[in-house]
Structure formats: C-alpha cells, structure tokens
Protein chains: 2
Amino acid sequence: MATKPNVLILGAGYGGMVTATKITKQLGHNDANVTLVSKHNYHYQTTWLHEPAAGTLHHDRTRMPIDNVIDRNKINFIQDEVVKINKEDNTVSLKENEDVEYDYLVTALGAVPETFGVPGVFEHSFNKWTVNGAREMKEHIEYMFARYHNEEDPKDDLLTFIVAGAGFTGIEFIGELSERVPDLCKEYDIPKNKVKMYVIEAAPTALPGFDPELVEYAMNLLENRGVEFKINMPISEVKEDGVVLKDGEEIKSATVVWATGVRGNPVIEESGFENMRGRVKVDPDLRAPGHDNIFIIGDCSLVINEEADRPYPPTAQIAMQQAETVAKNLRALIKGEQLSEFTPDIKGTVASLGGKEAIGVVGNKKLFGTSANFMKKMIDNRYLWILGGIGLTLKKGKNPF
Amino acid sequence: MATKPNVLILGAGYGGMVTATKITKQLGHNDANVTLVSKHNYHYQTTWLHEPAAGTLHHDRTRMPIDNVIDRNKINFIQDEVVKINKEDNTVSLKENEDVEYDYLVTALGAVPETFGVPGVFEHSFNKWTVNGAREMKEHIEYMFARYHNEEDPKDDLLTFIVAGAGFTGIEFIGELSERVPDLCKEYDIPKNKVKMYVIEAAPTALPGFDPELVEYAMNLLENRGVEFKINMPISEVKEDGVVLKDGEEIKSATVVWATGVRGNPVIEESGFENMRGRVKVDPDLRAPGHDNIFIIGDCSLVINEEADRPYPPTAQIAMQQAETVAKNLRALIKGEQLSEFTPDIKGTVASLGGKEAIGVVGNKKLFGTSANFMKKMIDNRYLWILGGIGLTLKKGKNPF
C-alpha cells in the first residue's frame, strides 16, 4: 500500500478503549493511522455507574480522561458524536465535524435503554447510564429528600423510589441506594419508615439466569433493607407521578429509575446493518456479515452461546475479550495474515449489593457476602489493569479489603 | 403566690434561646416554671443560613439540638408550632398539643418572608431561610447543574440564578454562591461562562444603610465573580420560569431566591396585637402596650432608633440584647422589683461576601476583606459564647484565621 491504512474506532467504552490500547501494541507507527471517536473526552466504566447514581461513589472515580489512557502520539482522537456509518463509501458521518474516512472500522458504540414499548420511559424516568445521567440521578434523589420537609403537606411519593427492572443494573443500583438510605434519612431528618423502595420486574424472576440460591440471598438481603419486590409484573406506563402496573395498580413516585436492559446503539439501524434490537450477529472473526473491513463489538454485537442456544448477554467482560480479538484481527488484515475466531471465556459474574455485600458465580463456585464483594472489586481492578496497567489500577482501583 | 408562676417562651431563635439560658441564671428553681415552645427540636443560626443554602457549609454546623443548650432540669420543652396567643385568658394555642397556660409570656417567634405583594413569590421562589429551606436551595442548585448535560437542548435558564433583594441576606447568599460556582462548574463539567447570576433590588442602592464606599467594594468584588446587579429595579412578578421586571424585561431562570426582607410572624396579627408588618412597637421595657405580662422581642418587635427616627432593622444582635433585658425584667416582675428599659448597643455590622471576603462597620471604623471576615467570624463565635459558653464555641465555632 502506498499510504498507511486508516483504522477508525467508534466509541470509547470497554470495547473501544481496549481495542485502542491493544492495537498500538499489535501495530507499529508505520503500519496504520489509528483514530478514536468518542462523544466525551473521558472514558467511563458503565458497570460502576450504579454507585455514583446512588451517591455512594464520586463520579470521577468511574471515569478517566481519554488522554490519560491512550497514547496521543500513536492515536488520533476526535471528540464528536457518531451519526451514521456510510458503508458504501467507507466514511462515518459525525455531528459536528466533517465525515471521516476509514479503511478498517471498529464499531463499539455501546447501548441505549430498551423501553420494550412502554410509554413515558424517556419523558418521566431516569434512564441514562452515563456519567451525566448518574449524577443527575444522585442529585435528584437528594433533592427529593431535601424538599420533603418544605412541603405544606409532604407527599410520600417524594420518598418513594421505583426501580424498573431486576436485572444486573437494577439490583446493583437498589443495593447501593438501600445501603445509603439510612444516611440520607439522617442528613435530612426523615424517619426511615417514610422511605419506600420498589423493584419491579416483568420476568418471572429477579436476576434471570443467575443461580436461584443466589437470587434468594440477594432478595432477602435487600428486603431486609426495606426493598419491596414486584416480580412477574410488567409496567404498562411511566407517568409524571409514578408507574402503572399491568394489574392496574398505580404506585406514586417522584423517582422512577429505568433499568430493564439495553439495545444496541441506534447508529447500527440508522446505517442499514441487519440487526436484532440494534445488535448485529457478527461473523466468528467479529466482522459484520458481508463487510470485510467492519468489525462490530460490545453491546452492538450479538454472539450466540452455542451451549445455551441463545445470545450471550452484552457485558463488559465480552466486550473486552472481543476487543483483544479485534486488535489481533486488524493486524492480521493489514499484514495479510489469517484472522482468528472469537471464543468467549466467561470467567464468572458478580453482582454487588451495596456495602460489603455481593453475590456471584466464579467457575462453578457460588459466592456470597464479603467473598463475593472481594471478587467484584478484583474484577473492577482487573479491568483497570488491562486498560492502563498498574499505574491506573493504583490511581482508580477499589480497595477490596 | 401559692404556686410558682408559669413563664412561657415562644420560639427558639436568637431571642428565645438567649432568654431561656439567661432566665435560669436570674431565677431559682422555686421561683418559676419555665417552658420553651419551638417548632423544631433544634436551634439554628438564621444569620449563617446563606452558607448551607449555597452549599459552602454543612447545615449541621448552623444548628444544635435544643437539649444541648438548655438545661432540661430547669426548663420544660414542648416541640410544637404556635398557632395563636389568647391574650384574654393567658393561654397559647398549639398545632398538635393542648393549650398552654402562662403567667408571663415571652414572644420571640421570628419572621417570615416579606413579598411586598409581588405575585408568585411563594409558588415559584426559594424563600425559606430555615435549615429545611437552606438545604432545599443547596440541593436544587446542584440538581440544576446536574441536569444541564442531560437535556436534549440544554437551556441557559438551568444555569441562571436570580437573587431578589440586595440587602444583607441577598448579598451574603450571592457572596457564597459566586464563590462556589467555579467548583460547581468543575464538578458538573460546565463552562464557567454558561452560569449567570443576577441580584435584583428595588431600592436605589444595594445594602441600604451601609456606607457607600463599602457597598461599592462589595459590588465590585461580586461583579468580578460574574454577578450582575440590577439596582432600582422592582420585580413585578415571579413566574415558574423566571422573573418579570418593572421595565418589562423577563429573565428566564429555574432558580429564584427571595431575600427582600422579612415581616413579623403571622401569629402576631392572628392574635390581635396592633402591629406594622407583623411587628409590635413595644414599650421601653419590651412589653406589648397594654399587656403587663407579655414581652415581645426579636423580629416581632419594633424599636425606634430615636437618632435616625426610624425603626432599627431586625437583627440577631438586637434580639439577643433584648433577651438579656427580658430575662432581667421577668425576674423583676416576679420579685416585684423595678423593670429596666431596653437600650440597643449597636456594636457594628459585618456582611460576609464568600471566601475570605467581607465588609463591615465596627464603631466608626470601616473594615474590608480579610479583617472584616475575621470580625464576622468573631461575631458568630461571640454568639455561641453567650449561648453556651466556651464548650459550644469550641464545638460549633468558626476558625477566624
């Protein structure tokens, strides 16, 4: 090739960031021009956001300037929002800047909330699992507590908190919030029994796919902290003043947190990829079917778990593993070598429940309480290690002890 | 007297608290039953509230449990709201409890916001200078910053803050807020030039009654921090989305803080005392005209400054001095001695401007900057000393250095 090929990475989440850091180890300066595009000039750990959202961790602990992680001598960075991938002419349209050309594209644009068609979600719920969204939730919750004693006739809905969805995000969020409520009550002179917390789940169980013994452990623990579960109960509408359930019951609340799961970034649909809920069923080497130069990873990709005959849930773990494969495959494509197939290696799953509590499965081993909590913090730290080595881990890591 | 007389003190602000602590030194246990009534089980320093309202001091630093200050072996405490003073039968009606009888009454019920008839103040502004009100303002302000980046089309009115009134409270509040804005901008990733702060005053000058040189110093300092003054400009309406000025201009804002001054507690009017804006022009011995057993002090009392031929502004300084006189006069009444006349002794006035800045007059001396700030903190500490001696001063005082 006369000129160096352009490698374009869209998104600075788990997939995009790990691709960017790994690619500089796979390719030399003369092999390719690498460009990363992201809406924000910082990377954040989506899987930690339930903590700043509930106010148990400062949001700056969950993000880092992109410049602190990637080497700007090796990677060009554009801060902008991706609008569309123009597959036909190998360009990407951005919101503010001119179109960017690529020879090889890595699409790691993450996810958006899935509403399942329930009306009112975007208008009346907190649904943004981003740094901006998390600190809005935190401030909103504190504001509700602060308002209570200033009302002429204080309404209980100010102190009623509804979480829609008992999946990973919903459970981890209510874990943090229920842990914090006693402190909030003290701070704002609120009797603890005034605070109501609900988790509402349409599926027949909380934490679908998790071991039933662990699910029971989690629910008992959260119920002891005052959380009420409504399982097998779809929400039919989110209104300004609460939710309407399928059985007709209305629960009044000034705070509905939407955590029923995600779908792939709308750019996927917008750009004409064949998809299921914004996710593209990628080839074994993680390329989009029919597109030799486009990789899709993370929440926008769909990988089938052959054993279970259904897709793997989109997780940070898979996104990061995909990113390592993509970095290798980009090198292979540019060097004219054989591409590798992606095989997920699910090491385990741990859900934090606030304070020193968690549940999890690592290998075949079930973990409860502090040992699960230890494992959770180690997983969080391991990510920082992959991304930025020991320096980043020491700076941003969590003390597991 | 066969039975001990009942002394009833209404209100646990500056006047009520100092009366309660001083009375136990003037009277022995066998001289009288003393009862204090207050809406909250804590006392707070109203003159410090601009700090927690802007978020520069925790609200717990501005309050203390009443039990920590008064000796409950000597003083009975009822937590309740006063509804009416029934002068004819020497009883006081409370909101929750039964009527309380008194032989001697000390009315120290403080003030409520003065709206000057401007529509929308109670509906659309933050006007409660109480602990509850202050923490609501703080949380509201932070919530506006947190919301900004989550709006589809972020509106500047989220970051526009209007203070109505350039008197003491308004100036001290904007002093704290303008000092904090750079930190808020950093916390929520907001460019500093997006934040707008207005102080709107109907009178022809800010800080009326203050030395013009000091007023100029304060205004210059605050303008350098980004505050815009509109002086000699009445507000004709407060709306949900901002204010309308007398000249027709509308300023859009999600946060209007009302600080145009106060009037006496409505219980005064409700109870049939002759009054001006809720304040009773008391006799020289601080009794209500025509009522030998009712003292009125603090914001509900009106004392004429003979030199200036107008009322003294209601301040903590005067309320505390009145309380000392009332404690002596209660003793005199019970013991059948001669009552004393109240003479205010204005030692000086200092207004804080946030950070290490303040302005003030002490005696004939003008103070600027750090020396005024030092004096302000000494005044705050001196009050704690009067109320609770060295223990309370060390526990709750401010470090002037």
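1. Which residues form a nonpolar patch on the surface of chain A, and about how many Å² of accessible area do they have together? In this predicted model, the patch consists of A:W385, A:I390 and A:L394, and their accessible area together is about 380 Å². A:W385 has its place in helix α10 of chain A, which covers residues 369-396. With a relative accessible area of 48%, A:W385 is classed as partly exposed, because the range for that class ends at 50%, over which a residue counts as exposed.

2. Chain A also carries a negative surface patch, and the residues that form it are A:E88, A:D89, A:E98, A:D99, A:E101 and A:D103. One of these, A:D99, is found in the loop between β7 (91-94) and β8 (100-101) of chain A. The relative accessible area of A:D99 is 47%, so this residue is partly exposed.

3. The strands on either side of that loop belong to an open sheet of three strands in chain A, where the order is β6-β7-β8 and the pairing is antiparallel. The edge strands are β6 (82-86) and β8, each of which pairs on one side only. As a general point, the strands of a sheet pair through backbone hydrogen bonds, in either a parallel or an antiparallel manner. Between β7(A) and β8(A), which run antiparallel, there are two bridges, and A:T91 has A:E101 in β8(A) as its bridge partner. A:E101 is also one of the residues of the negative surface patch.

4. In chain B, strand β14 (residues 235-239) and strand β15 (residues 242-245) pair in the antiparallel sense, with four bridges between them. The connection from β14(B) to β15(B) is a hairpin, which passes through two residues. Within this pairing, B:V238 stands opposite B:V243, the latter being in β15(B).

5. β15(B) pairs in addition with strand β16 (residues 250-252) of chain B, again in the antiparallel sense, and here three bridges are found. B:V244 stands opposite B:E250 of β16(B). The hairpin of β15(B) and β16(B) has four residues between the strands, and in this hairpin B:G248 takes a positive phi near 100 degrees.

6. What joins the side chains of B:K239 and B:E250? They meet in a salt bridge, with a distance of 3.6 Å from N to O. Because B:K239 lies in strand β14 and B:E250 in strand β16 of chain B, the pair ties together parts that are 11 residues apart in sequence. Both residues count as partly exposed, B:K239 at 26% relative accessibility and B:E250 at 38%. B:E250 thus takes part in this salt bridge and also stands opposite B:V244 in the strand pairing.

7. Another salt bridge in chain B is formed by the side chains of B:R277 and B:E114, which are 2.9 Å apart, N to O. B:R277 lies in the loop between α8 (266-270) and β19 (280-281), while B:E114 lies in the loop between β10 (111-113) and α4 (121-124) of chain B, so this pair ties together parts that are 163 residues apart in sequence. How do the two partners stand with regard to burial: is B:E114 buried or exposed? At 6% relative accessibility, B:E114 counts as buried, since buried means under 20%, whereas B:R277 counts as partly exposed at 43%.

8. In chain A, the side chains of A:E337 and A:R331 meet in a salt bridge of 3.7 Å, N to O. A:E337 is partly exposed, with a relative accessible area of 41%, and A:R331 is likewise partly exposed, with a value of 27%. Over all chains, the structure holds 54 salt bridges. Some link residues of both chains, as in the network of salt bridges that contains A:D60, A:R63, A:R135 and B:D189.

9. A last point concerns B:R382, which lies in helix α10 (residues 369-396) of chain B. Its relative accessible area is 47%, so B:R382 is partly exposed. B:R382 and B:T343 are 39 residues apart in sequence, and the distance between them in space is 20 Å, C-alpha to C-alpha.

Notes
Residues numbered from 1 in each chain as written. Chains lettered and ligands numbered in written order. Predicted model: local features only at pLDDT ≥ 70, side-chain atom pairs only at ≥ 80, totals over all residues. Heavy atoms only, no water. Patch = residues over 30% accessible without salt bridge, like charges linked within 9 Å, V, L, I, M, F, W, Y side chains within 5 Å. Areas by Shrake-Rupley, 256 points an atom, 1.4 Å probe, with all protein chains shown as cover. Salt bridge = Lys/Arg side-chain N within 4 Å of Asp/Glu carboxyl O. Lys, Arg positive; Asp, Glu negative; His and termini not counted. Charge placed at Lys NZ, Arg CZ, Asp CG, Glu CD. Buried < 20%, exposed > 50% of the residue type's maximum accessible area, 1.4 Å probe, protein only. Pairing = 2+ DSSP bridges.
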